[in-house]
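Biologist: Could you pick one part of this model, take a close look at it with me, and then show me how the rest fits around it? I'm in my first year, and I'd like the terms explained as we go.

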Amino acid sequence: MGKKVAVIGAGTSGLVAIKSCLEEGLEPTCYERTGDIGGLWRFDENPEAGRASIYKSVIINTSKEMMCYSDFPIPDDYPNYMHNSKIMQYFRLYAEHFQLVQYIQFKTTVCSVKKRPDFATSGQWEVITEKDSKRETAIFDGVIVCSGHHTEAHYPLATFQGIERFKGRYLHSRDYKGPDEFKGKRVIVVGIGNSGGDIAVEVSRTASQVFLSTRRGSWILNRVSDYGYPLDMLGLTRFLNTLKGFVPEFIINHVVESKLNKRFDHGNYGLKPKHK
């Protein structure tokens, strides 16, 4: 009998953790508190509390050539940058191909994970789970936590002076699902990260005007690079990684910044950051 391993979460990492355990002769049991695989990438209009949430139009920032599992290429007819529904299709194909679902206990919440009293000699863990209001305790030789980190919204409303007097609607990007409710309205999007950029562009198609607010500059990168190739495919290579060890950092920064400013001059848009 192989050693028993608990895998917490059946998303991107959880699925491959189950498969890796099986390859090593281990006995995995995966606990997924929702009723399906996919984690972050499973769109839901009303996601469960504590689960990552995406908006309906989300497209991944990593190309399929760079994000696929090494032993299960993404189908050729899938786009380079996939919509969340395509990512879910890929995960289902992966889980079906390697027969992973049989090792997953759905709608099961992990309540606690703690070392057993004899952990110093046994290395074992006590895992308490709950399903249908019934708790169970199981002993495992190892635990792999694959619960993700995009679950809790960072929502510092106290830093927005006067927010209590604002009569319009305000919400975190976690609660944003689509642009229709902002039709004809003036909207400000706070934050110039991936979600902020996505939402500002999408809302601009229905709103009367959109402002994108950032407290400091940022370098804006495309998904698509020279000749139509995915940016990460061209930028993350063994050759360039080796080159970084020989070329001074200030030269690399100069080359990259010059290239980005050719697309649009960040200074002209008030976006030039102080960092390189």
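Modeller: Let's begin with one term: a residue is buried at under 20% relative accessible area, exposed at over 50%, and partly exposed in between (1.4 Å probe, protein chains only). Residues are numbered from 1 along each chain as its sequence is written, and this is a predicted model, with local features needing pLDDT of at least 70, side-chain atom pairs 80 or more, and totals for chains, interfaces and linings using all residues. Side-chain values use heavy atoms, without hydrogens and water.

My pick for the close look is strand β2. Strands (E, at least two residues) and helices (H or I, at least four) are DSSP runs, numbered from the N terminus. β2 covers residues 27–32, and 5 of its 6 residues are buried. Two strands pair if DSSP finds at least two bridges between them.

Look to either side of β2. With β1 (residues 4–8), β2 pairs in the parallel sense over 5 bridges. If you'd like one pair to find in the picture, take Ala6, whose bridge partner in β2 is Thr29. With β3 (residues 104–106), β2 is again paired in the parallel sense, this time over 3 bridges. Here you can look for Cys30, which stands opposite Ile104 in β3.

Now zoom out a little. β2 belongs to an open sheet of 4 strands, in the order β3-β2-β1-β7, with parallel pairing. β3 and β7 (142–145) are the edge strands: each has a single partner, so one side of each is left without a neighbour in the sheet. On the β7 side, 4 bridges join that strand to β1, and the two run parallel. Ile8 marks the spot there, standing opposite Val145 in β7. One background point is handy when you follow any of these strands: in a regular strand the side chains alternate between the two faces of the sheet.

There's another sheet to compare with. β4, β5 and β6 form an open sheet of 3 strands in that order, and the pairing is antiparallel. The edges belong to β4 (109–115) and β6 (134–140), each with a single partner strand, so one side of each has no neighbour in the sheet. β5 (residues 125–131) is joined to β6 by 7 bridges, in the antiparallel sense. Try finding Thr129, which stands opposite Glu136 in β6.

This sheet also leads us to the salt bridges, meaning a side-chain nitrogen of Lys or Arg within 4 Å of a carboxyl oxygen of Asp or Glu. The structure holds 9 of them. In one, the side chains of Lys114 and Glu126 meet at 3.8 Å, N to O. That pair links distant parts of the chain, with Lys114 in β4 and Glu126 in β5, 12 residues apart. Lys114 is partly exposed at 44% relative accessible area, and Glu126 is partly exposed at 22%.

Another salt bridge reaches helix α1. Asp71 pairs with Lys19, and their closest N and O atoms are 2.4 Å apart. Asp71 sits in the loop between α2 (64–67) and α3 (84–97), while Lys19 is in α1, 52 residues away in the chain. The two ends are covered quite unlike each other: Asp71 counts as partly exposed at 37%, whereas Lys19 is buried at 7%.

Arg169 and Glu181 make one more salt bridge, at 2.2 Å from N to O. Both residues lie in the loop between β7 and β8 (186–190), so the pair ties together parts that are 12 residues apart in sequence. Glu181 is partly exposed, with 38% relative accessibility. Salt bridges with shared partners also join Lys19, Glu23 and Asp71 into one network.

Let's finish on the outside. Met66, Tyr227, Tyr229, Met233, Leu234 and Leu236 make a nonpolar surface patch of about 670 Å². Patches use residues with over 30% relative accessible area and no salt bridge, joining like charges within 9 Å and nonpolar side chains (Val, Leu, Ile, Met, Phe, Trp, Tyr) within 5 Å; areas come from the Shrake-Rupley method with a 1.4 Å probe, and for residues only the protein chains shown count as cover. Within the patch, Leu236 is exposed at 58%, and you'll find Leu236 in the loop between α6 (231–235) and α7 (238–243). Tyr229 is partly exposed at 43% and lies in the loop between β9 (209–213) and α6. Tyr229 is also 156 residues from Pro73 in sequence, and their C-alpha atoms are 18 Å apart in space.
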